[in-house]
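Let's take a walk through this one together, starting with the empty space inside and working outwards from there. Have the viewer ready.

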Amino acid sequence: MATTSDYGLGAHTFPRGWFMIGESVTLGSTPQAIRFFGRDLVIYRGKSGRVILLDAYCPHMGTHLAKNTTSWVVRDGRHVEGDSIRCPYHAWRFGPDGKADDIPYHKGPVPKAACVRSWKVEERAGCIFVWHDPENGQPDYPLPDFAEWNDPSWVRWKIDHLGTLPCHPQEIIDNIADMQHLSPIHGSRVDYFENEFDNHIAVQRQGGGHRTLVHGGKGFHTDTWYTGPGILLSRLSGDFETLMMICHTPVDDGVTQAWHALMVRSANTPPAERDVVMARAYQAQALASFAQDFEVWQNKAPALNILKLSSDGPFDKARTWYRQFYSPRAEASRFQDRVRGIHTIPGIPGVTKQTAAE
């Protein structure tokens with residue numbers, strides 16, 4: 001298992017950006033213990049419906065705020081009060097801002113040190129995202145808008161929870177520039193391929209054919225992009241018009257959790273039952289395709305230094321782009337400027353040349 005320092009990515013162990021940490025429908029008022037960015041966290045939905053994410057350990061005596069079922073605080077239904085959470089050990093209560101607002105046996109002022117870190121979270125498209133920044137700054141780019149989620153002509157996705165991978169997210173990011181894996185892994189025919197990098201966005205455009213997602217001689221075209229280091233969306237045109245999402249989030253240094261989902265444009269508005277059945281079946285096919293990558297990542301050695309060929313794809317550009325998220329925010333533009341623009345592979349048309357040829 002290789003770590004951030006092994007890849008030489010930057011000063012920070014975990015990257016800056018928006019990351020998925022869970023699914024909306026699985027979260028209720030019962031606090032859940034989760035772990036990301038090398039930290040134990042507690043997440044719950046307050047009585048207002050708001051999602052609250054806090055560091056897990058009470059500053060009083062180090063009690064985990066979520067991992068308890070026997071305390072009378074929990075059994076009496078006082079674990080979550082409003083949008084606040086009580087420690088199951090001594091019943092200290094912490095508000096959604098992480099500050100203690102009640103110590104039931106203490107008559108004096110609440111100590112300023114009686115607080116836990118509160119994290120910025122957003123819900124979009126049935127997912128819960130957190131902003132992570134080692135410098136504790138506010139978000140410097142927005143989440144995707146996921147417009148299809150609220151379009152009545154689309155079948156909403158269900159989230160595929162894929163668990164953890166024993167690999168650094170660098171290995172996953174490499175895929176954005178890896179043209180030459182498309183044929184042997186996915187059975188794709190690549191007629192054109194290009195990458196584009198612009199600030200926090202990394203784009204892959206490719207098309208041709210696909211053995212899993214296209215049938216009957218139809219063409220296959222994808223417009224795929226990362227919004228920051230952990231959220232990939234892809235508009236696919238094949239058997240159906242779809243929007244695919246793949247999210248990955250560091251759990252520990254060198255361990256990554258992943259999710260997959262797919263929305264499908266329906267022939268009917270609103271979608272009929274048969275459209276939903278079709279969409280679920282097509283998502284299963286897309287998952288089977290992604291699983292081909294997943295199996296490789298589960299079993300590969302770290303590619304600390306890629307033995308790169310000119311015909312591989314611009315791995316070096318993608319890795320340079322990725323380094324901005326591990327570096328101080330003030331240095332991000334230095335990496336962005338080194339890769340900004342469209343990059344093609346010798347002998348492979350980019351989108352502009354492909355369109356002209358057609």
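What follows is a tour of the cavity, the pockets, a small sheet and a few buried residues.

Keep in mind that this is a predicted model. A good place to begin is the hollow part. Rolling a probe the size of a water molecule over the atoms shows where empty space is left. Here the count comes to 1 cavity of 30 Å³ or more, and the volume of that cavity is about 380 Å³. It has 25 lining residues, and the closest to its centre are Asn 175, His 186, Met 244, Ile 246 and Asp 293.

Which elements build that lining? At least two residues each come from helix 4 (182-186), strand 14 (201-209), strand 15 (220-227), strand 16 (231-237), strand 17 (241-252) and helix 5 (273-299). Helix 5 is the top contributor, with 5 residues. As for chemistry, the cavity lining splits into 13 nonpolar, 11 polar and 1 charged residue.

Two residues help to fill in the picture around here. His 181 sits in the loop between helix 3 (169-173) and helix 4. With a relative accessible area of 9%, His 181 falls under the 20% cut-off, so it counts as buried. Setting aside residues up to four places away in sequence, His 181 touches Asn 175, His 186 and Asp 293, and those three names are also among the residues closest to the centre of the largest cavity.

Leu 232 belongs to strand 16, and it is buried too, with a relative accessible area of 10%. Beyond its neighbours within four places in sequence, Leu 232 is in contact with Ile 176, Thr 224, Trp 225, Tyr 226, Met 244, Met 245 and Ile 246. Met 244 and Ile 246 should ring a bell from the list of residues closest to the cavity centre. If you want a distance to check in your viewer, Leu 232 and Asp 191 are 41 residues apart in sequence and 22 Å apart in space, C-alpha to C-alpha.

Now for the pockets. The largest pocket has a volume of about 230 Å³. Of its 13 lining residues, Asn 175, Asp 178, Val 296, Trp 297 and Lys 300 are the closest to its centre. Asn 175 was also on the list for the cavity. Helix 5 again gives the most, this time with 3 residues. The lining of this pocket divides into 6 nonpolar, 2 polar and 5 charged residues.

The second largest pocket comes in at about 190 Å³. Its lining includes Arg 117, Trp 119, Lys 120, Trp 131 and Asp 133, and overall it divides into 3 nonpolar, 4 polar and 3 charged residues.

Next, look at a small open sheet of 3 strands, in the order 1-10-9, with antiparallel pairing. Strand 1 (17-23) and strand 9 (121-124) are the edges, each with a single partner strand, so one side of each has no neighbour in the sheet. From one strand to the next, the twist averages 35 degrees. Strand 9 and strand 10 (residues 127-132) pair over 4 bridges, and one pairing to look up is Glu 122, whose bridge partner in strand 10 is Phe 129.

Last stop: helix 6 (residues 315-323). Its buried residues are Phe 315, Ala 318, Arg 319, Thr 320, Trp 321 and Tyr 322. What covers them includes helix 1 (4-7), helix 3, strand 13 (189-198), strand 14, strand 15 and helix 7 (332-339).

Notes. Residues are numbered from 1 along each chain as its sequence is written. This is a predicted model: local features need pLDDT of at least 70, side-chain atom pairs count only at pLDDT 80 or more; totals for chains, interfaces and linings use all residues. Side-chain values use heavy atoms; hydrogens and water are left out. On a 1 Å grid over the protein atoms alone, a cavity is a set of points where a 1.4 Å probe fits but cannot get out, and a pocket is an open set with protein on both sides within 12 Å along at least five of seven lines; lining residues have an atom within 4 Å of a point. Grid points are joined across faces, edges and corners, and a volume is the space filled by probe spheres set on the points. Ala, Val, Leu, Ile, Met, Phe, Trp, Tyr, Cys and Pro count as nonpolar, Asp, Glu, Lys and Arg as charged, and the others, Gly among them, as polar. Two strands pair if DSSP finds at least two bridges between them. Axes are lines fitted to C-alpha atoms, for helices over the stretch in contact, and angles run from 0 to 180 degrees between N-to-C directions. Buried means under 20% relative accessible area, exposed over 50%, partly exposed in between (1.4 Å probe, protein chains only). Contact means heavy atoms within 4.5 Å.
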